[in-house]
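These are my notebook entries on one chain, written down in the order in which I looked things up. I begin with the chain as a whole and then go through its parts.

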Amino acid sequence: MFGPVRRTNPQMPFALEPGQEAGAGTKTAENPNGQNITVMFDKASNMLNGQNVDAVGSLTAHEGVHVADGSDWVSSGFSNNANPSNLQTEHDAYTVQANILRGMGYSSATFSFKRRDYKFSLPLQPGSGGKIDSMIKREYPRWNLDVFQKNTAGGGH
Ligand SMILES: [Zn+2]
């Protein structure tokens, strides 16, 4: 295994929040580092039963932001400067997710955590970014830490 492994957070907001791993893939012009990043969705959450297409679509966009951040970090040669904090990557991911939901025609987005729900009017407003950051700081105990750690130990799945 070679590449980013996302820190796990015991209080992930979604049952679907994935582990992300990068394995050695085929190097191509489009993928010069041979990255192979996998996002896993929790089957037990029953989100993939075909009844939650919009939620799955928006969540896929959310996870795609983390994949892009991980890919950028690998491409940088694992530079500390390219390793975002949980706050930064989650801020960007929730912003993209909300914008995708807006594009689907929703007038609000609610992000649910174990104890709390956070509702945002769509489209996002200038003050929404601060509200997103407050949500992340409250719900992600490791919000200020780097999001990726390098794993070269092998294994994984
Ligand atoms: Zn996320």
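I first checked burial over the whole chain and found that buried residues make up 25% of its 157 residues; I keep in mind throughout that this is a predicted model. I then listed the secondary structure, which comes to 3 helices and 6 strands, and read along the sequence these follow the pattern β-β-β-α-α-β-β-α-β. Of the contacts in the chain with a separation of 6 or more, 62% are between residues 24 or more positions apart.

**Entry: the nonpolar core**

I asked which residues make up the largest nonpolar core. The set has 9 residues in all, namely Ala-93, Tyr-94, Ala-98, Leu-101, Ala-109, Phe-120, Ile-132, Met-135 and Ile-136. Helix 2 (86-103) and helix 3 (128-139) each supply at least two residues of this core, and helix 2 gives the most to it, with 4 residues.

**Entry: helix 2 and Ala-98**

I compared the length of helix 2 with expectation: it has 18 residues and reaches 25 Å from its first C-alpha to its last, close to the 26 Å expected at 1.5 Å a residue. I then looked up its buried residues, which are Asn-86, Thr-89, Glu-90, Ala-93, Tyr-94, Gln-97, Ala-98 and Leu-101. Seen down the axis of helix 2, these buried residues fall within an arc of 160°, so they line one face of the helix. I noted beside this the general point that an α-helix has 3.6 residues a turn, so residues three or four places apart point the same way. What covers the buried residues of helix 2 includes helix 1, strand 4, strand 5 and helix 3.

Within helix 2 I singled out Ala-98, which I count as buried because 24 other C-beta atoms lie within 10 Å, where 20 or more are required. Leaving out residues up to four places away in sequence, Ala-98 touches Ala-109, Phe-120, Leu-122 and Leu-124. For Ala-98 and Phe-120, which are 22 residues apart along the chain, I noted a C-alpha separation of 8.1 Å. Just after helix 2, I found that Gly-105 takes a positive phi of about 105°.

**Entry: strands 4 and 5**

I next asked in which sense, parallel or antiparallel, strand 4 and strand 5 pair. The pairing of strand 4 (108-112) with strand 5 (117-121) is antiparallel and runs over 5 bridges, and a hairpin joins the two strands through 4 residues. Among the bridge partners in strand 5, Phe-120 is that of Ala-109, and Asp-117 is that of Ser-112. Ala-109 is also in contact with Ala-98, Leu-101 and Leu-122 as well as with Phe-120, its neighbours within four places in sequence being left aside.

**Entry: helix 3**

I tested helix 3 in the same manner: its 12 residues should span 16 Å at 1.5 Å a residue, and its end C-alpha atoms are 16 Å apart, which agrees. Its buried residues include Ile-132, Met-135 and Ile-136, and they cover an arc of only 95° around the axis, which puts them on the same side of helix 3. On the other side of helix 3, Gly-130 and Ser-134 are exposed. The buried residues of helix 3 pack against helix 2, strand 4 and strand 5.

**Entry: helix 1**

For helix 1 (53-75), I noted that its 23 residues should span 33 Å at 1.5 Å a residue, and that its end C-alpha atoms are 32 Å apart, which agrees. The buried residues in helix 1 include His-62, His-66, Val-67 and Trp-73. Helix 1 is followed by Gly-77, whose phi is positive, near 80°.

**Entry: unusual backbone geometry**

I recorded as background that most residues other than glycine have a negative phi, and most peptide bonds are trans. Phe-78 has a positive phi, near 60°, although it is a residue other than glycine; its place is in the loop between helix 1 and helix 2. I count Phe-78 as partly exposed because 14 other C-beta atoms lie within 10 Å, and the range for that class lies between 12 and 20. Lastly, I looked up the peptide bond joining Leu-122 and Pro-123, which is cis, with omega about 0°. Pro-123 lies in the loop between strand 5 and helix 3.

Definitions and conventions: Residues numbered from 1 in each chain as written. Predicted model: local features only at pLDDT ≥ 70, side-chain atom pairs only at ≥ 80, totals over all residues. Core = buried A, V, L, I, M, F, W, Y, C linked by C-beta atoms within 7 Å. Contact = placed C-beta atoms within 7 Å. Expected span 1.5 Å × (residues − 1). Arc of directions from axis to C-beta. Pairing = 2+ DSSP bridges.
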